[in-house]
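Let's take a walk through this one together, stopping at a few spots along the way. Keep the 3D view open so you can follow each stop.

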Amino acid sequence: MAETFEALRRGPAGFEQRVCIKRILPAFESDQEFVAAFLREATTSAQLRHTNIVQVLDFGVADGSHYLALELIDGMDLRKLSTHVDRLSADLVTLVAIDLASALHHAHSGSNARPSVVHRDISPSNVLVSLAGEVKLVDFGIAKALGGTHLTATGTIKGKIPYLPPEYIERGSFEPQGDLFSLGVMLFELLSGQRPFDGESDLDTIRRIAAGTRPELKALCKDAPDELVRCIEGLIVIEPAQRIASAAALLDALPMISVPIARRQLSELVRLPAPVPFVDAGSAPTQHAPSSAPRDHRPHVATRTSVRPATSLGTHLPSRRALYVLLAAVALTLSTLAAFLIAGSPGPRQVDDQTVETPIAQPPDVKSPQPTSPSSGEPTANAEPTAGAVPTTDAGPATPVAEPAPPERTATTSSPKARSSELRVVAIPFGDVWINGRHMGHAPVNARLSPGSYVVAVGDGEPAQRRTLRLSAGEVQNVVFRVETE
């Protein structure tokens, strides 16, 4: 729905400043609800002035598109950093906790000039680490000013499921304690290498969060300081009243560390590139790197949209023998894939015992258009794209269309399948689900649909609540309804 670019901001006397431009895609400029959300993000973010929050520098409309000019962070987000290392050391996790708790304390406190703000989407992709080792919170796109009039629409989940607090899942309530819960989940993940409530599916994850089912952090990280373990576990308590009371209280409870040393270590980790390893035939096998060693050996690219040519990234070229081995492996893989596509046939969809996957039927003359480009994944203000490419996002058609049936494969031809979307509907405590008037069975329901707009209804025996949703190509949307039962 939005895209980001690196740009130069120019002024008098040759002034230049590199910034990140975030703008609404033209296809969504006519969506008043989305434009209003973008304006709220601009207003909310511009009022927050803190060293650990990415700053808004400008806001306006150019060529009919609303845009934000944001502080450009050279570095990467924590999601990308987690591909470099299995887990962070206790000191680095403490440093991340200190910086983010400081940012949340500023946002939650408010003042006479501005209201308190809850972020509502604390997750690794929304935390940037600069080349100087600074940790900054970004993307207040779904933030809410406490005491304001903006409310989340009934039945729509805002945020990323593994980091959502249980009170939001069950009651739709999101207070400052919800941000602290999400922060605790992320710190648990950084320290242990795994998220505490991850299940086999999103629905299973939601159930685990609501029930508080998770492993003990100390059992996973035996060498971690007790003070840090107590802080993290004190953040992910299910009952909000029993959590650490505030971001300021978290700052008081965190263990003492040498912040300058930890920041230098984090800076070195972000800067750490490495060539693609190659082992010659007959040489000694490569030893597995420890958990703190880099796992992703691709050349580092700063967290920003760039259209520089790939040759400017300093790519390390392998030897001629490595190229021969690589080409042979690619040829073998392609030949195996071609044989499978020619001889094989599409298998049945896998459906677990908690979900029902059913496409919505439409008249046979309605055809699904091919998406022009994949939709974006986790949104961040300074998103990292593939080098050399200009980011695009598929807006999807305005009306729902049916997912086409897979074509019959012959010995000589095959056609690619259009990228479908996924809609997951949960009813609490229980209920039936209808999509476009068709009964889909008892919740939870997991339906694969073509991009477009759908009317989702939920009720106990008959439709009682309805909501119109829009699905983009490849999007996974989760919808939760609370059903009143007699």
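**A look inside, then out to the strands**

By class, nine nonpolar residues, one polar and two charged ones make up the lining of the largest cavity. Keep in mind as you look around that this is a predicted model.

So what is this cavity like? Its volume comes to about 70 Å³, and the model has three cavities of 30 Å³ or more. Twelve residues line the largest cavity, and the ones nearest its centre are Ser 45, Leu 70, Val 138, Asp 139 and Phe 140. Two elements give two or more residues to that lining: α1, residues 32–46, and β4, residues 65–71. As for how one finds such places at all, rolling a probe the size of a water molecule over the atoms shows where empty space is left.

While you're at β4, have a look at its partner. Strand β3, residues 56–62, pairs with β4 in the antiparallel sense, over six bridges. Across that pairing, Val 61 stands opposite His 66 of β4. The hairpin of β3 and β4 has just two residues between the strands, and Asp 63 there takes a positive phi near 55°.

You can set a second hairpin beside that one. Here β14 (residues 452–459) and β15 (residues 465–471) pair in the antiparallel sense, with seven bridges. One place to check the register is Val 456, whose bridge partner in β15 is Arg 467. This hairpin has five residues between its strands, and Gly 461 takes a positive phi near 95°.

Now for a sheet. In general, strands of a sheet pair through backbone hydrogen bonds, either parallel or antiparallel. Which strand sits in the middle of the open three-stranded sheet here? The order is β13-β10-β16, which puts β10 in the middle, and the pairing is mixed. At the edges are β13 (445–449) and β16 (476–482), each of which pairs on one side only. On average, neighbouring strands of this sheet are turned by 20° against each other, direction ignored. The β10 strand, residues 421–428, runs parallel to β16, and seven bridges join the two. Look for Ile 428 in particular: its bridge partner in β16 is Arg 482.

Next, over to the aromatics, where the count comes to four pairs. Why does the pair of Phe 181 and Phe 197 count as stacked? The ring centres are 5.8 Å apart and the planes sit at 20°, and planes under 30 degrees apart count as stacked. Phe 181 belongs to helix α5 (residues 176–192), while Phe 197 is in the loop between α5 and α6 (202–211), so the pair ties together parts that are 16 residues apart in sequence. Both Phe 181 and Phe 197 are buried.

Stay on helix α5 a moment longer, as Leu 183 lies there too. Leu 183 is buried, with a relative accessible area of 0%. Its C-alpha is 7.9 Å from that of Ala 97, though Leu 183 and Ala 97 are 86 residues apart in sequence.

For a last stop, find Glu 233 in helix α8, residues 226–235. Is Glu 233 buried or exposed? Its relative accessibility is 18%, so Glu 233 counts as buried, the cut-off being under 20%. Glu 216 is 17 residues away from Glu 233 in sequence, and the two are 8.5 Å apart in space, C-alpha to C-alpha.

Conventions. Residues numbered from 1 in each chain as written. Predicted model: local features only at pLDDT ≥ 70, side-chain atom pairs only at ≥ 80, totals over all residues. Heavy atoms only, no water. Phe/Tyr/Trp six-rings, centres within 6.5 Å; stacked < 30°, edge-to-face > 60°. Helix = DSSP H or I, 4+ residues; strand = E, 2+ residues; numbered from the N terminus. Buried < 20%, exposed > 50% of the residue type's maximum accessible area, 1.4 Å probe, protein only. 1 Å grid on protein atoms, 1.4 Å probe; cavity = no way out; pocket = protein on both sides within 12 Å on 5 of 7 lines; lining within 4 Å. Points joined across faces, edges and corners; volume = space filled by probe spheres on them. Nonpolar A, V, L, I, M, F, W, Y, C, P; charged D, E, K, R; others polar. Pairing = 2+ DSSP bridges. Axes fitted to C-alpha atoms, helices over the stretch in contact; angles between N-to-C directions.
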